[in-house]
Amino acid sequence: MSATRHDNGDHRLGIDELLERVRAGYERIGPREAKAAAEEGALLVDIRYAELRERDGLIPGALVVERNELEWRLDPRGSHRAAEAVSHGLRVVVICNEGYASSLAAESLHRLGLYRATDLIGGFQAWRAAGLPVEV
């Protein structure tokens, strides 16, 4: 019998298990920790799509990079890198809307060697709920 069975013995990961495994590989941070990290030089990276940014606003100083461009823009050796992507030691805090897609994005950055990448627990919505600055 194959390892890709579709019955109850299925060996593939579901998204919840994948998120749990990914998140076990680094320490996630909350909104106030993210703000403090930014004040100490970390790069906040907002990967939300345009409609959400237009609806809810932006975190002042965050670099906006849509999710499908993230690896190309943050790879310090990449030909399409953002000016802010200066080294593999850069502290990066990835922010999505609610803290799910950002976990997968942070793990992808780890694979590129950005070993200090993390994500914001609860995403932009947690940032806003904490009363932290938002530009509308």
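**Exercise 1. Which residues does Leu-109 touch, not counting residues up to four places away in sequence?**

Before we start: this is a predicted model, in which local features need pLDDT of at least 70, side-chain atom pairs count only at pLDDT 80 or more, and totals for chains, interfaces and linings use all residues. Residues are numbered from 1 along each chain as its sequence is written, and side-chain values use heavy atoms, with hydrogens and water left out.

*Solution.* Step 1: contact means heavy atoms within 4.5 Å. Step 2: with that rule, Leu-109 touches Leu-70, Leu-74, Val-92, Val-94, Leu-114 and Ala-117. Step 3: look at the largest nonpolar core (buried Ala, Val, Leu, Ile, Met, Phe, Trp, Tyr and Cys residues joined through side-chain atoms within 4.5 Å). This core has 20 residues, and Leu-109 is among those with the most contacts inside it. Two or more residues come from each of β1, α4 (70–74), β3 and α5; α5 gives the most, with 3 residues.

**Exercise 2. Find the strands that pair with β3, and say which faces of β3 are covered.**

*Solution.* Step 1: helices (H or I, at least four residues) and strands (E, at least two) are DSSP runs, numbered from the N terminus. Two strands pair if DSSP finds at least two bridges between them. Step 2: β1 (residues 43–46) and β3 pair in the parallel sense over 4 bridges, with Leu-43 facing its bridge partner Val-92. Step 3: β4 (residues 118–119) also pairs with β3 in the parallel sense, over 2 bridges, and Val-93 stands opposite Thr-118. Step 4: in a regular strand the side chains alternate between the two faces of the sheet. In β3 (residues 92–95), Val-92 and Val-94 lie on one side, Val-93 and Ile-95 on the other, and all are buried (under 20% relative accessible area; exposed is over 50%, partly exposed in between; 1.4 Å probe, protein chains only).

**Exercise 3. Describe the two sides of helix α2 (residues 31–39).**

*Solution.* Step 1: the buried residues of α2 are Pro-31, Ala-34 and Ala-37. Step 2: they are on the same side of α2 because they cover an arc of only 120° around the axis (taken from the directions from the helix axis to the C-beta atoms). Step 3: these buried residues pack against β1, β3 and α6 (123–129). Step 4: the face turned away carries the exposed residues Arg-32 and Glu-39.
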